[in-house]
Amino acid sequence: KSLKQSIKNIDSNTHVRGESLYVDDINVREGTFHAVVFDSPIAHGKIKGIDYSKAESLEGVERIFTYKDILGDNQIGGIIPDEHLFAEDEVHFWGQPIALIVAKTELIARQARRLINIDIEELPVITTAKEAKEKGSFINAPRSFNLGNTEKAFNDCEYIFEGETFSNGQEQLYIEAQGSYAEPLENGNIKITSSTQGPTAVQKTAARVLGLPMHKIEVDVTRLGGGFGGKEDQATPWAVMAALATYHLKQSVKLILNRHDDLRMTGKRHPYESTYKIGLSKDLKILAYEVEFLQNSGAAADLSPAIAERTLFHATNSYFVKNVKSTVHSCKTNLPPNTAFRGFGGPQGMFVIESAIAKAASEIGVSARKIQEINLLKENDEFSYGQIAKHVEAQNSWYAATSIFFVEELEQEVESFNEKNTAFKKGLSLMPITFGISFTNTPMNHARALVHIYLDGSVGISTAAVEMGQGVNTKMLQIAAKVFSIDKSKVKIETTNTTRVANTSPSAASSTADLNGKALLKACNSLLDRLIIVASEDLNVSVESITLKYEFVYIDDKKTNLSWTELISKAMLNRVALTENAHYATPEIHFDKTKEKGHPFAYHVYGTAITIVTVDCTRGTYEFDAVKIVHDYGKSMSEGIDLGQAEGGLVQGMGWMTMEEIAYGSNGRLLSNTLSTYKVPDVFSVPKNIEILPLETSGNEMAILKSKAVGEPPLMYGIGAYFAIQNAIKAFNPNHQLKFHAPITPEKVLISLYEK
Ligand code: LUZ
Ligand code: MOS
């Protein structure tokens, strides 16, 4: 029973049958109220007055809650306390929550919402980061990571290029919208079921807003229908609102956003406007790189400072650059507070250096592949943040990809296709990735696990891991089944609940399986040690000779008659504890923010993607022929699940780079507010051929069972799509002035094709 076998996601059966439970599927208590959020109809203004009287008198409306009903703090900001749960006298973005309408049905609450009259004095609106910077509107002070001396290094450069880039935001578009269900327990205690990546964040913020100690709030999560970062911080307000209403009404309250409300009220991936200056030697070594990132943070900090930081961490992607100066400004605008999205600022940083390389290649007249290859990160190179690169797989994955997939032949095929065709052109790009694994905020890198072995030998497991479709529960189950050597049907993964596992970090940063898996491994091993003593005493042999295999006790590899179930009974009779709790905190990592140096990541994940696209030069549309990847999974413990993560990440990244176009009006109103105006990749737009091969490697001890984190890194392969399309455009129109403005939608392609 090798772990390498491809295990199916343990949720697959209930998913297919429609039996998996999400917040909206809970059998609610009789008398449950339903809530709808009343939000700001403009992006910036002073509230002069609100008339709730008509809405309140609508039959079936129970009560409308505003900031005045908050007994604790009207504050939900995490990193910086700068965000109200409900607006008081000013609104700062279109869609900002002002009140909660609670009624007998959701429909009545929605009807009531239309009866609210609000009088607001409009104030000037800022929607772009550049404008915010010009006006001095920032979330916090800028940050800079520096290595070497760029000014001096530019003097030695044969080539120097400068330019600007833009990458747009991206909607998380979890299939399950934001939602929560709050129930009153005895003594004023409240239980919240939430679709959140961060149960502790919900508990802590609910306690703060309600003015209660945390022990009065229990948060429970079964699973999410997707998170992608959108529920790391921004699941919290809806859970807190439901809890607030439950607190006052002493009745359960359900609040599920519909898609329109969710799109309008929640933040997205941060748009970035950036400027770069890159300097190369005659032999194409990147000697110096300067970059300034303007992050469009939206109207409040949310996670923006942490995201900005990760942009700096990944500003040089997979390359070693000796002299780096990188700066990021978190710019305060009148958009919904932008938030975590798979990659967490990393993709935005990588897009800029890839743009700089593409520009340099085009100006010098060499292939970008040459520049990329020459500058790949090597063992013991220093990152701009001071970490020394170890167990580097940047070159290994690059050369594996270029040789296994015969990149030179692929390039020749593209070239000869382009010679023969005028109406269609092909483009090819390479995209290496290097992504740091750990929360960049060192104190967040910890988790706990609680394991019960029940009387009959079945096992229940609680961790801080939140299942959001990524398969983390399957991985947790594999770990317990492996340590105890029992069938997976004997293991149950419990809901993620703050009363069983407390004070947790969110399931994020690709680190959930590592942190929780390591804690779980520790807890299971402690139990195993205890059980082996029970067996050795019972069988009268030494501890060293005992092993557990396939639900039986073995002595020196010989099966005994003592089964797992009997062993548990014996342990019970001997009054041995069958419950264990363990804590894991990532060793070795540290970071000093005063120096901006340290060793923030447990390890890095590497890989290389080759992307080939065909552009229809009459229409500007495009289709991806193939994406071929060699990815560093370490030693994957769940190959099917990890492949799914890699494919999903790739396609999501391609969507960000090519078709997903968030549009806000200059008045701050979200224009791409439905799925007809916001297009995500579908079965017709995914590449015709996706091949993702594992890199042969020994894995990394810091990863759970040497199986590296796989959540976020593959998204960044999608950046290759941008440059593949750009190369196809160049093949059609040599006059095309390279622009780095993502997404590269068919409209933009068409304009570029016919630019003079
Ligand atoms: N969340 C966070 C993250 O709080 N810190 C991180 O470093 C991070 N990285 C990726 C995704 N979410
Ligand atoms: Mo995330 S972007 O790991 O919630």
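User: How do the residues of the shell around ligand 1 divide by class?

Analyst: Classes simply sort residues by type: Ala, Val, Leu, Ile, Met, Phe, Trp, Tyr, Cys and Pro are nonpolar, Asp, Glu, Lys and Arg are charged, and the others, Gly among them, are polar. In this shell you get five nonpolar, one polar and three charged residues. Keep in mind that this is a predicted model, where local features need pLDDT of at least 70 and side-chain atom pairs count only at pLDDT 80 or more, while totals for chains, interfaces and linings use all residues. Residues are numbered from 1 along each chain as written, chains are lettered from A and ligands numbered from 1 in written order, and side-chain values use heavy atoms, without hydrogens or water.

User: Which residues surround ligand 1?

Analyst: To be near, a residue needs a heavy atom within 4 Å of the molecule. Here those are Glu232, Arg310, Phe344, Phe439, Thr440, Met444, Ala508, Ala509 and Glu712.

User: Where does a backbone atom of threonine 440 lie relative to ligand 1, and what about glutamate 232 and alanine 509?

Analyst: Look for polar contacts, pairs of N or O atoms within 3.5 Å. An N or O atom in the glutamate 232 side chain sits 2.7 Å from a ligand 1 nitrogen. From threonine 440, a backbone N or O atom is 2.9 Å from a ligand oxygen. Alanine 509 brings a polar backbone atom 3.4 Å from a nitrogen of ligand 1.

User: How much of the accessible area of ligand 1 does the protein cover?

Analyst: Accessible area comes from the Shrake-Rupley method with a 1.4 Å probe. Ligand 1 has 290 Å² on its own, and 97% of that is covered by the protein.

Terms used
A polar contact is a pair of N or O atoms within 3.5 Å; within protein, one must be able to donate a hydrogen and the other to accept it, and residues adjacent in sequence count only if both atoms are side-chain atoms.
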